Amino acid sequence: MNMNIRIEESWKRELAAEWGKDYFVNLTQWLRGEYSTKQIFPPGKQIFAAFDTTPFNDVKVVILGQDPYHDVGQANGLCFSVNDGIPFPPSLHNIFKEVHDDTGAPIPASGNLERWAQQGVLLLNATLTVEAHRAGSHQNRGWEEFTDAAIARLAAEREHLVFILWGSYAIKKGAFINRMKHLVLTSPHPSPLSAYRGFFGNHHFSQANAYLAKHGIEPINW
């Protein structure tokens with residue numbers, strides 16, 4: 001796997017300070033070994049798909065996930081998203097249910113959220129890779145520091161963004177975001193374990209669009 005940082009140019013500039021840091025050098029070296037000896041998701045060329053699909057200045061909304069799906073064919077580098085033709089994982093099913101109940105948008109045929117990403121929704125996992133069938137296996141290897149840096153750049157350099165944080169992990173990761181400058185929406189996670197404790201009925205999708213419209217920004221077609 002070639003880790004010569006192939007990432008969209010605006011993000012390459014914004015995150016330039018990270019590439020030479022020890023944690024990132026160590027992470028990339030470790031990942032080379034992982035990709036060459038094990039089944040790792042997403043495919044190497046899709047590790048930075050969230051950044052590649054949503055350039056820095058195009059970001060309107062950030063949805064924060066934890067780590068990629070770990071079953072074959074699911075992960076495509078966008079959090080909560082699956083490839084075309086893959087059955088919806090439970091959390092994604094619940095997300096679509098809330099979108100429908102909140103905005104009236106129909107449940108789509110595909111769970112591929114690239115259409116959101118192309119409209120300015122940064123679908124960012126805290127950890128960008130995972131070993132097959134081992135949830136959380138690449139946590140605490142450096143990805144979290146990298147994605148913290150990406151969120152910090154957005155929070156500092158942009159204004160009137162919507163940060164959507166579901167579950168205690170995402171809420172904690174986004175705790176530093178300036179609420180005077182951005183809209184931060186929090187609720188329980190959409191997983192079946194917690195969706196009925198406040199994810200359903202959170203109206204995050206309509207709230208995000210109302211905030212964007214108020215600031216003269218084109219809303220998202222959820």
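Before we start, one definition: angles run from 0 to 180 degrees between N-to-C directions, with axes fitted to C-alpha atoms. Please also keep in mind that this is a predicted model.

**Exercise 1. Find the angle at which helix α7 crosses the sheet, and list the strands it lies across.**

Solution. Start with helix α7, which covers residues 143–157. Next, look for the strands beneath the helix: α7 lies across β2 (61–65), β3 and β5. Finally, compare directions: the helix runs at about 155 degrees to β3. Now try helix α9 in the same way. Residues 204–214 form α9, which lies across β2, β5 and β6. Its angle to β6 is about 175 degrees.

**Exercise 2. Work out the strand order of the open sheet and decide which strands stand at the edges.**

Solution. First, the order: 4 strands line up as β3-β2-β5-β6, with parallel pairing. Then count partners at the ends. β3 (121–125) and β6 (183–187) each have a single partner strand, so one side of each lacks a neighbour in the sheet. From one strand to the next, the twist averages 20 degrees. As a close-up, take β5 (residues 162–166) and β6: they run parallel and are joined by 5 bridges. Within this pair, isoleucine 164 has leucine 185 of β6 as its bridge partner.

**Exercise 3. Is isoleucine 95 buried or exposed, and which residues does it touch?**

Solution. Begin by placing the residue: isoleucine 95 sits in helix α5 (residues 90–103). Now apply the cut-off: a residue is buried when its relative accessible area is under 20%. Isoleucine 95 has 1%, so it is buried. For its surroundings, leave out residues up to four places away in sequence; isoleucine 95 then touches Phe80, Trp116, Trp166, Pro190, Phe199 and Phe205. For a distance check, pick aspartate 52, which is 43 residues from isoleucine 95 along the chain; their C-alpha atoms are 23 Å apart.

**Exercise 4. Test whether the radius of gyration of the protein chain agrees with that of a compact globule.**

Solution. Take the chain length, 222 residues, for which a compact globule would have a radius near 17 Å. The chain itself has 17 Å, so the two agree. Now add some context. The C-alpha trace spans about 45 × 35 × 25 Å along its principal axes, and the chain holds 9 helices and 6 strands. Of its 222 residues, 54% count as buried. Turning to contacts between residues at least 6 apart in sequence, 66% join residues at least 24 apart. The surface completes the picture: about 10000 Å² is exposed, with carbon and sulfur atoms supplying 50%.

Notes. Residues are numbered from 1 along each chain as its sequence is written. This is a predicted model: local features need pLDDT of at least 70, side-chain atom pairs count only at pLDDT 80 or more; totals for chains, interfaces and linings use all residues. Side-chain values use heavy atoms; hydrogens and water are left out. Two strands pair if DSSP finds at least two bridges between them. Helices (H or I, at least four residues) and strands (E, at least two) are DSSP runs, numbered from the N terminus. Contact means heavy atoms within 4.5 Å. Buried means under 20% relative accessible area, exposed over 50%, partly exposed in between (1.4 Å probe, protein chains only). The radius of gyration is taken over C-alpha atoms; the globule rule is 2.2 Å times the number of residues to the power 0.38. Accessible areas come from the Shrake-Rupley method with a 1.4 Å probe; for residues, only the protein chains shown count as cover.
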